[in-house]
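Reader: I would like to go through this model slowly, asking at each step what a given label rests on. Could you set the values against the cut-offs as we go?

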Amino acid sequence: MASLAPTDHDWMAAAARLALRARPLSSPNPGVAALVVRDGRVIARGWTAQGGRPHAEAAALAGLAPQVLADATLYVTLEPCAHPSERGPACADLIVAARPARVVIGQHDPDPRTAGKGRARLEAAGIATTLLDDAASAASLAGFLARETLGRPWVTLKLATSLDGCIALADGTSRWITGEAARAHVHARRAQHDAILVGGGTWRTDAPRLDVRLPGLEARSPARVVLTRGDAPAGVTAIASPQAIASLEGVQYLYVEGGAETAAAFLAADLVDELHLYRAPILIGDGKRALGALGLASLDAAHGRWHASEHRQLGSDEFTAYLRRRS
């Protein structure tokens with residue numbers, strides 16, 4: 001049986017995976033990716049470079065001859081920018097000059113400087129466009145979209161627990177709940193975030209480094225934030241409440257690592273968009289619980305909030321990612 005040709009959503013899913021290469025180095029710009037497809041093959045690709053320039057479209061289109069683009073499709077995860085910048089031309093203008101046969105856009109850009117203007121400029125030039133409202137591209141732009149629509153970063157809460165939901169022994173000993181593979185996975189996720197946050201108690205008790213300790217990725221360590229009403233040491237930002245994450249300038253992706261009261265505070269404020277749960281095959285019993293009080297009035301309020309989006313085995317530990325269900 002002949003295989004089915006990839007759909008626009010298939011190509012966009014590939015572009016969304018490529019966009020991970022831009023995260024979070026593209027900050028303060030969104031991490032966008034672009035593919036140029038001709039005759040069922042990717043002939044060029046690009047993603048937003050470190051510091052935000054060049055944009056994905058510029059990187060993908062660079063060096064392609066007009067006769068090649070004349071029957072090619074450009075897939076881009078976010079609507080091409082339409083506003084001028086001292087750092088480079090608008091991507092909509094670059095695409096008009098390059099004249100691909102078709103442009104497929106994963107997500108509308110909510111930035112009012114572009115917001116529909118990029119697509120309109122392409123169509124005014126006679127270039128066919130399709131807006132997918134694609135789930136994979138939205139997921140790849142979660143931090144940017146949260147900033148633009150919610151005014152705050154995308155928040156991921158990480159919990160590492162025993163099977164019975166403990167994060168430490170009763171005396172506070174917590175090294176190590178999970179094994180080496182799970183800890184390496186955590187460091188890889190840290191490298192995808194702009195900032196990492198812990199509570200003041202965790203900071204004072206454990207003095208965590210909050211860095212990335214994977215060979216070759218040490219420079220990807222996120223900025224450090226502490227939830228405390230006191231002062232923070234040099235090089236660490238202090239915020240007094242979970243809601244104050246909106247003030248973290250340039251942060252699109254925030255990784256919250258604990259402790260229990262900090263995790264509960266973010267959950268109670270409904271500020272967690274993604275939950276990363278690492279579970280080790282151990283039982284602790286009378287230990288420190290992973291969460292403090294959430295203020296739930298009934299079990300009904302706990303149901304229907306989360307759905308699993310990823311699951312994998314990491315050595316002897318299990319990792320599951322959950323996304324917050326929102327209307």
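Author: In this predicted model, Trp11 and Tyr75 are both buried, a word that stands for a relative accessible area under 20%.

Reader: How many aromatic pairs are there, and what makes the pair of Trp11 and Tyr75 tilted?

Author: The count comes to two aromatic pairs. In the pair of Trp11 and Tyr75, the ring centres are 6.3 Å apart and the planes stand at 35°; since rings pair if their centres lie within 6.5 Å, and an angle neither under 30 degrees nor over 60 counts as tilted, this pair is called tilted. Trp11 belongs to helix α1 (residues 8-19) and Tyr75 to strand β3 (residues 73-78), so that the pair links distant parts of the chain, 64 residues apart.

Reader: How do you know that Tyr278 and Phe319 form a tilted pair, and why is this pair said to tie together parts of the chain?

Author: Their rings lie 4.8 Å from centre to centre with 45° between the planes, and the pair is accordingly tilted, given that centres must lie within 6.5 Å and that stacked pairs are under 30 degrees and edge-to-face pairs over 60. Tyr278 is in strand β12 (residues 274-279) while Phe319 is in strand β15 (residues 317-324), and the pair therefore ties together parts that are 41 residues apart in sequence.

Reader: Why do Tyr278 and Phe319 count as buried?

Author: The cut-off for buried is under 20% relative accessible area; Tyr278 has 1% and thus counts as buried, and Phe319, at 0%, counts as buried too.

Reader: Why is Leu145 called buried, and what is Leu145 in contact with, leaving aside its neighbours within four places in sequence?

Author: Leu145 has a relative accessible area of 16% and is therefore buried, the limit being under 20%. Leu145 sits in helix α7 (residues 142-150), and, neighbours within four places in sequence aside, Leu145 is in contact with Gln107, Pro110, Ala138 and Leu150.

Reader: What makes Asp39 exposed and Arg99 partly exposed?

Author: Exposed requires over 50%, and partly exposed covers the range between that and the limit for buried, under 20%. Asp39, with a relative accessible area of 65%, is therefore exposed, whereas Arg99, with 40%, falls in between and is partly exposed. Asp39 lies in the loop between β1 and β2 (41-47), and Arg99 in the loop between α4 (91-98) and β4 (102-107). Asp39 has a positive phi near 55° although it is a residue other than glycine; in Arg99, which is not a glycine either, phi is also positive, at about 60°.

Reader: Which peptide bonds to Pro24 and Pro28 are meant when one speaks of cis, and what are the omega values?

Author: The bond from Arg23 to Pro24 is cis, with omega near -5°, and the bond from Ser27 to Pro28 is cis with omega near 10°. Pro24 is placed in the loop between α1 and β1 (33-38), and Pro28 is found in the loop between α1 and β1 as well.

Reader: Finally, how do you know that the radius of gyration of the chain agrees with a compact globule?

Author: For 327 residues, a compact globule would have a radius of gyration near 20 Å, and the chain has 22 Å, which agrees. Buried residues make up 47% of the 327 residues.

Technical notes
Residues are numbered from 1 along each chain as its sequence is written. This is a predicted model: local features need pLDDT of at least 70, side-chain atom pairs count only at pLDDT 80 or more; totals for chains, interfaces and linings use all residues. Side-chain values use heavy atoms; hydrogens and water are left out. The radius of gyration is taken over C-alpha atoms; the globule rule is 2.2 Å times the number of residues to the power 0.38. Buried means under 20% relative accessible area, exposed over 50%, partly exposed in between (1.4 Å probe, protein chains only). Rings of Phe, Tyr and Trp (its six-membered ring) pair if their centres lie within 6.5 Å; planes under 30 degrees apart count as stacked, over 60 as edge-to-face and the rest as tilted. Helices (H or I, at least four residues) and strands (E, at least two) are DSSP runs, numbered from the N terminus. Contact means heavy atoms within 4.5 Å.
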